Amino acid sequence: MATNFKPHLPIIDISPLLVKCNDPDMMDDTGVAEVVQKLDRACRDVGFFYVIGHGISESLMRKVKEMTHRFFELPYEEKLKIKITPAAGYRGYQRIGVNYTSGKQDFHEAIDCYREFKQGKYGETGKVLEGLNQWPENPQEYKGLMDEYIKLCTDLSRNILRGISLALGGSPYEFEGEMVGDPFWVMRIIGYPGVNQENVIGCGAHTDYGLLTLINQDDDKTALQVKNLAGDWVSAIPIPGSFICNIGDMLKILSNGVYESTLHRVINNSPLYRVCIAFFYETNFDAMVEPLDIFKEKYPGDKRSQDSKRVVYGEHLVNKVQTTFANLVEYS
């Protein structure tokens, strides 16, 4: 990376937070307090930031991307062995053009995964997403690698949220218990073909609908763009070994609107194929998400708007999934 590199997004080394992550008095530590202050600034100003010092090895992050490239390089017929269908709980491989954002076709292919759960656990709502994640036989070690990666991303997300909870003026644990004690997760393993023309939309402008997102992207292609406060699209230039982290719609609600989920999109103008692994850390599937009392008291807003900010996360997710894949048909 060039020494004159100036990122458009804040870079936050969270290692002091991780050292103290299980200490209820972590805010007494000056290193933690500094991280918390940076998180607050980033969440208020842009809703996106780079995370370094996160404890997940760069070699593991690289291996995940390398294996993902290997999968997407397979013949189409091979990838179709794990194709996404409603009967499979909307889990599996989707070809280019299946995904829609705001009613427009996206130029990417992907594997969609969700946390697995027992049949009937979430009633009629959950039935839509019931099923096992579909992993390819090739690369052979892919499932084992991704299982390890998901566990690490889950733990990392929980710890970042402890810092964000402190940044909002709460205890470290406001986003746990009944709200996020049994967190759901979603993972999209995405491939963006290289193009030789400008402004082919790999993924249209959207906000994420969960709590927190961790993005692991190729180091040598710049494609993710974030809309800043001035209304300009700025590039999230890759920093090797970092995650890009952003807040989603559920965190906006829980914080009583103090933190805003930010529009972003993907335009891969490179002729090279790009992969991105997006891990979405969510509330409990059946949680009624509404502004937390502590943040309503600290940041009083319009009472009517508070009352309207109520959503059952699982219902919200299922609605989004079914809308996204409204045109999903059996294909071969």
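In which hand, left or right, does H3 pass H6 in their crossing? In this predicted model, the crossing of H3 past H6 is left-handed.

**How H3 and H6 meet**

The axes of the two helices, H3 and H6, come within 11 Å and cross at roughly 140°. That angle makes H3 oblique to H6, because an angle has to be over 145 degrees before it counts as roughly antiparallel. On the H3 side, the contact is made by Leu60, Lys63, Val64, Met67 and Thr68, and on the H6 side these residues meet Tyr142, Leu145, Met146, Glu148, Tyr149 and Leu152. Sorted by character, the residues of this contact of H3 with H6 comprise eight nonpolar, one polar and two charged.

**Salt bridges**

Side chains of opposite charge can pair when their charged atoms come close. The structure holds 20 salt bridges, and the table lists some of them, with the N to O distance for each pair.

| Salt bridge | N to O distance |
|---|---|
| Arg62 and Glu58 | 3.6 Å |
| Arg162 and Glu176 | 2.6 Å |
| Glu290 and Arg310 | 3.6 Å |

Arg62 and Glu58 both belong to helix H3, which covers residues 58–72, and they stand four residues apart, or about one turn of the helix. Arg62 is partly exposed, with a relative accessible area of 38%, and Glu58 is also partly exposed, at 37% relative accessibility.

The salt bridge between Arg162 and Glu176 links distant parts of the chain, since Arg162 lies in helix H6 (residues 142–167) while Glu176 lies in the loop between H6 and strand E7 (183–192), 14 residues apart. Arg162 is buried, because its relative accessible area of 9% falls under the 20% cut-off, whereas Glu176, at 22% relative accessibility, counts as partly exposed.

The salt bridge of Glu290 with Arg310 likewise links distant parts of the chain, with its two residues 20 residues apart. Glu290 sits in the loop between strand E15 (288–289) and helix H8 (293–298), and Arg310 sits in the loop between helix H9 (303–308) and strand E16 (311–312). Both residues are partly exposed, Glu290 with a relative accessible area of 26% and Arg310 at 47% relative accessibility.

Beyond these pairs, salt bridges that share partners join Arg115, Lys121 and Asp182 into one network.

How values were computed
Residues are numbered from 1 along each chain as its sequence is written. This is a predicted model: local features need pLDDT of at least 70, side-chain atom pairs count only at pLDDT 80 or more; totals for chains, interfaces and linings use all residues. Side-chain values use heavy atoms; hydrogens and water are left out. A salt bridge is a side-chain nitrogen of Lys or Arg within 4 Å of a carboxyl oxygen of Asp or Glu. Buried means under 20% relative accessible area, exposed over 50%, partly exposed in between (1.4 Å probe, protein chains only). Axes are lines fitted to C-alpha atoms, for helices over the stretch in contact, and angles run from 0 to 180 degrees between N-to-C directions. Angles under 35 degrees count as roughly parallel, over 145 as roughly antiparallel, 65 to 115 as roughly perpendicular and the rest as oblique. A crossing is left-handed if the near helix is turned anticlockwise from the far one by less than a right angle, and right-handed if clockwise. Contact means heavy atoms within 4.5 Å. Ala, Val, Leu, Ile, Met, Phe, Trp, Tyr, Cys and Pro count as nonpolar, Asp, Glu, Lys and Arg as charged, and the others, Gly among them, as polar.
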